[in-house]
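Work through the exercises below with the sequence and the model open. Try each task before reading its solution.

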Amino acid sequence: MKDRLLPYWLLIPAFIIVLATTIYPLAYSFITSFRDWDLTESRRPGGFVGVENYAYAASESAFLNSLWVTTVFVVTSVILTVILAVALALLLRRTGPMHTFTRIILILPFAMSPALIGVSYRFMFNPEFGVLAQGLGAVFPALQGVPWLADPLLAMGILVLTDVWHWTPYMTFMCLGGLASIPRETEEAARIDGASNLRIIFGIILPQMRGVILVMAVLKTIFALKMFDQVVTLTGGGPGTSTETLAYFIFNVGFRWFDMGYASALAWILTAIMMFISIWYVRMLLSERKMATA
Amino acid sequence: MAEVRLVDIEKKYGSFLAVPKQSLTIHDGEFLVLLGPSGCGKTTTMRMIAGLEDITSGDIMIREERINDKPPKDRDIAMVFQNYGLYPHMTVRQNIEYPLKLRGIAKAARTKRVQETADKVELGALLDRRPSELSGGQRQRVALARAIVRTPSIFLMDEPLSNLDAKLRVTMRAELKHLHHELGVTTVYVTHDQMEAMTLATRVAVMREGRIVQLDTPKKIYAEPADLFVAGFIGSPSMNLIDGKVSDGVFRADGVNVPVDLPNRDGVVLGIRPEELEITDDATAPIGGQLYALELTGESTLVTLRNGPVSACARGHADFEAEINSPCYLTPKPGARFHLFDRASGERLDGVKH
Amino acid sequence: MRKPFLYLAERALLVLISVVVLFPIAWMFLTAFKQPRDAYSLSLNFEPTLQNFVTVFSDPWNLGSMVLNSVVVATVTVVIAVPCAALAAYSFSRFRVKGRKFLFFLILSTQFIPAVVIVLPFFLMFRQLDLLDTRIALIIVNLAIVTPFVIWMIKGFIDAIPTDSEEAAMIDGASRLRVIKDIVMPMAAPGILTSSIFCFILTWNEFLFALILSRRDAVTLPVGLVSFRTERGDLWELMSAAGVMITVPIFIMALFIQKHFTRGMTAGAVK
């Protein structure tokens, strides 16, 4: 056929964009990660130093701290978001004016700029005049005078809170879509057989949702690993380095200390973690599909 | 108008052979029906004619011109899809007009032809509606109008009636037949409904696993099915097929004794159509057993009897009544025809007059 | 059939969710209309004022130029990314060509690359080309995050459109490109609009690239927020006013696409 090449022609514009904006910089930073390049000393890249940047990371406590902070953040935020999203979706799948209203406003937190979310939570948790800090103190006297963002553990908690607030709606929408694709008949059959609501949810619906929940969990993991904006506007990595996530740490290395070689190596470590998780995810998903069709 | 020839065409999807190498000639002005169960390759064959599917090898000729490499738009064909394939964002008028517009026909001529065509299929009053505002039957008519508006040399129809309800299907069937008579355009029609095939076709090509097993007029296919598959596929209720053997010039199975003109052999299938059997009290009748079920269809009663593994059905009078499990006997009507097939290969052994 | 207790509990839960969702937003909106002295009190009894908006748009904050930057960057990104992505999505959705799966996976896998990885080399490159602190630089890097996502999203929408109409059009005499223009694009229009708005929101809210690549001239709204942190402390009422400016256009768009958005999300995600 004459237009045999058309499929490729259609791909070309998008591919040029993707190649130029991701593949190229990726390759560039990969090379840089093997170099010694301190931007404050030289505008030109320095010599190759092998895996020195990577080796340094393995021994640097600030990096290891950020790795730990990231792990804590990712695990708590993924678990909370997924559980809340599934619960919300189960609640919101019914029809009714209140359900519809809630579904509609649920898009707002997702549309809100994460940087702004950080700012507004920082405002609300200000110990002196923050509405949440004051409000919580008034309701629970034990919480009066709690320093909130000045406390390492609480600061992490609030950081997770902002992320869960931001992402739960999106995950709920995904979950609602998954729920809609489950045939109504199985649930109705179970109901006629006399199963209770809880049994239907745990015995009939959730097992069929495993694939969707898996996708949600992995996407959320990826988003959580990338999370950066709120760290800047909410905690600034503090108090101390207690909320310094990997993305924020890399940013500091690259753009506060201008150590390009080391920052590139760190960035590649983060990329590798993400790649590892996504490959693991694809494999899980494939075996899930196999089970579903078997 | 045109003759279509498929010469040694073959279609593979990877290593899967969808349509094995075969040839087919569709005569000028003929209404050819491709009939078969789902997945038999009939739609693939039609889509190859349309140019929507590449051919793995072989040639497709329209008016003796090889069109393998021509895109669908240059093949001078029109097609009606199972799901109609209407343009949901256009009005009925724009839908019908679109093929003309693509061919650069002037506005005034277009308007006139759209109006004429719409009137022909009784859509004249609905021209400014959208497809979503039409009923199934009306959408079907829009698809039809869009196909006939530019008088192509070939019509392709892919199960066009299968999404309609039973009653509408019969009406539309008659309309299609009338339309073909009026326009005389070569038509290829895909269906799995043998009734549609019988009523519409000039010739029917019965397909199975990608292969055309019989190509003939409906009458001939009904009267003389080429093999066991065709015998079982054509006719409603379907032909009685009884497993047995031939010895001493008689076909034998439980309760069945039919004289046939065949040498002794095992693994024979005897076929006879329910409408060619009648119920009798004569215990020496060729087929005997216990009454299994009575089904009143309105104009007649389907009488099924069983005897061990043998099951046979006859079309009896609407007022026939008897006790279930009582003895029952069937005998061929005058002029009825027994068909004999080889069990293993399915091939026709010989037809014998009773 | 359902028990009244469950019924009430469900309503109560829905109200609670709405409060959790709306409260932080509402508080920001209220603060934006408060006098500076009221901003630090929790009282709802205040005299509303537009003064904060006047302040942020005048010297030294000049929110106007940030609004302009944000609008230009987001719009141009959408205008470049969406048409390219739509063509690619169509190709991925409809053609069974060799290497299709690999290419699609390649595009999707770029989503897993952290933005920091991309921005480092771009920072160096733009510095070399003297493009730091320009809108062009921001548009280029934004294309990186947005394009793969939009391809994925539009593909989900196109996958959901049956091919019948396209095939009918090809037989009616249209070429592939004509089919795309006359049939596919109009039929996919709601999906493409949804994806465009989604793309706009992503770019509009983008923070990391803008923080690193802009200093003064090309600063966008989210980064502008940071500038309200001064030696005198955080100027909450001004931040809130700026926050309102960031959210209002985005909220309108988001509510507009809410229905399609849910569908598009899941169409792409489930496959």
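**Exercise 1. The contact between chains A and C**

Task: How many residues of chain A are in contact with chain C, and how many residues of chain C take part? Then find the element of chain A that gives the largest share, and sort the chain A side by residue class.

Solution.
- Step 1. The model is predicted, and the totals for interfaces use all residues. In this contact, 70 residues of chain A meet 71 residues of chain C.
- Step 2. On the chain A side, helix α1 (residues 6–32) of chain A gives the largest share, with 14 residues.
- Step 3. By class, the side of chain A that touches chain C holds 51 nonpolar, 16 polar and three charged residues.

**Exercise 2. Two chains described in turn**

Task: Give the helix and strand counts of chain A and of chain C. Add the box, the buried fraction and the share of long-range contacts for chain A and for chain C.

Solution.
- Step 1. Chain A has 14 helices and zero strands. From the N terminus its pattern is α-α-α-α-α-α-α-α-α-α-α-α-α-α.
- Step 2. Chain C has twelve helices and two strands. Its pattern along the sequence is α-α-α-α-α-α-α-α-α-α-α-β-β-α. The two β entries are followed by one α entry at the end of that pattern.
- Step 3. Along the principal axes, the C-alpha atoms of chain A fill a box of roughly 75 × 75 × 30 Å. For chain C the box is roughly 70 × 70 × 30 Å.
- Step 4. Chain A has 294 residues, of which 42% count as buried. Chain C has 271 residues, of which 53% count as buried.
- Step 5. Take contacts between residues at least 6 apart in sequence. In chain A, 71% of them join residues at least 24 apart. In chain C, residues 24 or more positions apart account for 78% of the contacts with a separation of 6 or more.

**Exercise 3. One residue of chain A**

Task: Is A:Ile201 buried, partly exposed or exposed? Place A:Ile201 in its element and list what it touches.

Solution.
- Step 1. A:Ile201 sits in helix α10 (residues 197–208) of chain A.
- Step 2. Count the neighbours: 16 other C-beta atoms lie within 10 Å of A:Ile201. Buried needs 20 or more, and exposed needs 12 or fewer. A:Ile201 is therefore partly exposed.
- Step 3. Leave out residues up to four places away in sequence. A:Ile201 then touches A:Leu90 and A:Leu206.
- Step 4. Look back along the chain to A:Glu187, 14 residues from A:Ile201. Their C-alpha atoms are separated by 8.9 Å.

**Exercise 4. An open sheet in chain B**

Task: What is the strand order of the open sheet of four strands in chain B? Why do β2 and β5 of chain B each have one side without a neighbour in the sheet?

Solution.
- Step 1. The order is β2-β1-β4-β5 (chain B), with antiparallel pairing.
- Step 2. β2 (16–26) and β5 (65–66) of chain B stand at the edges. Each has a single partner strand, so one side of each lacks a neighbour in the sheet.
- Step 3. Inside that order, β1 (residues 4–13) and β4 (residues 57–62) of chain B pair antiparallel over five bridges. B:Glu10 faces B:Ser57 in β4(B).
- Step 4. Helix α1 (residues 42–50) of chain B lies across β1, β2 and β4 of chain B. It runs at about 115 degrees to β1(B).

**Exercise 5. Two hairpins in chain B**

Task: Trace β16, β17 and β18 of chain B. Which glycine in each turn has a positive phi?

Solution.
- Step 1. Six bridges join β16 (residues 287–296) to β17 (residues 301–307) of chain B, in the antiparallel sense. B:Gln290 stands opposite B:Arg306.
- Step 2. Four residues separate β16(B) and β17(B) in their hairpin. B:Gly298 in the turn has a positive phi of about 115 degrees.
- Step 3. β17(B) also pairs antiparallel with β18 (residues 310–316) of chain B, over seven bridges. B:Leu302 has B:Arg315 as its bridge partner in β18(B).
- Step 4. Two residues lie between β17(B) and β18(B) in their hairpin. Here B:Gly308 has a positive phi of about 60 degrees.

Conventions:
Residues are numbered from 1 along each chain as its sequence is written. Chains are lettered from A and ligands numbered from 1 in the order in which they are written. This is a predicted model: local features need pLDDT of at least 70, side-chain atom pairs count only at pLDDT 80 or more; totals for chains, interfaces and linings use all residues. Two strands pair if DSSP finds at least two bridges between them. Two residues are in contact if their C-beta atoms, placed from the backbone, lie within 7 Å. Axes are lines fitted to C-alpha atoms, for helices over the stretch in contact, and angles run from 0 to 180 degrees between N-to-C directions. Ala, Val, Leu, Ile, Met, Phe, Trp, Tyr, Cys and Pro count as nonpolar, Asp, Glu, Lys and Arg as charged, and the others, Gly among them, as polar.
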